[in-house]
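Q: Please examine one part of this structure closely and describe how its residues are placed.

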Amino acid sequence: MTAYVIVDIEVLDPEGYKEYVKLAPEAVKLYGGKYIARGGPNETLEGDWQAKRLVILEFPSVEQAKNWVNSPEYAPARALRHQYARTNMVVVEGT
């Protein structure tokens, strides 16, 4: 079943974060993922959530999304993201 990874990223160092942006897409693609939304303008419709940089990824399954985020191919990009940003990330099954 299709799965979506939803990420809210607060970029702390825009220059350093550019390296993450260069590395991440290849690992996403390698694990069958694709970008649905990537850092465009967002608007809160209800509640207090003020998303910073919102990213939505689609994967073939929750398992594949987990394989991606914990993969050796994504590890260098993930380390950069942890260094240059604060992140909240969830995965949800599609319908």
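A: The answer below concerns a single helix, its surroundings and its salt bridges. The model is predicted, so local features need pLDDT of at least 70 and side-chain atom pairs count only at pLDDT 80 or more, whereas totals for chains, interfaces and linings use all residues. Residues are numbered from 1 along each chain as its sequence is written, and side-chain values use heavy atoms, with hydrogens and water left out.

The helix is α1 (14-30); helices are DSSP runs of H or I with at least four residues, and strands are runs of E with at least two, numbered from the N terminus. Ala27 lies in α1 and is buried, at 4% relative accessible area. Buried means under 20%, exposed over 50%, and partly exposed in between, with a 1.4 Å probe and protein chains only. Leaving aside residues up to four places away in sequence, Ala27 touches Trp68, Glu73 and Tyr74, contact being heavy atoms within 4.5 Å. Of these, Trp68 is a buried residue of helix α2, and α1 is among the elements that cover the buried residues of α2.

Salt bridges also occur in α1. Glu15 pairs with Lys18, with 3.0 Å between the closest N and O atoms; a salt bridge is a side-chain nitrogen of Lys or Arg within 4 Å of a carboxyl oxygen of Asp or Glu. These two residues are three apart in α1, about one helical turn. Glu15 is exposed at 56%, while Lys18 is partly exposed at 46%. A salt bridge also joins Lys22 and Glu19 (3.1 Å, N to O), likewise three residues apart in α1. Lys22 is exposed at 61%, and Glu19 is partly exposed at 37%.
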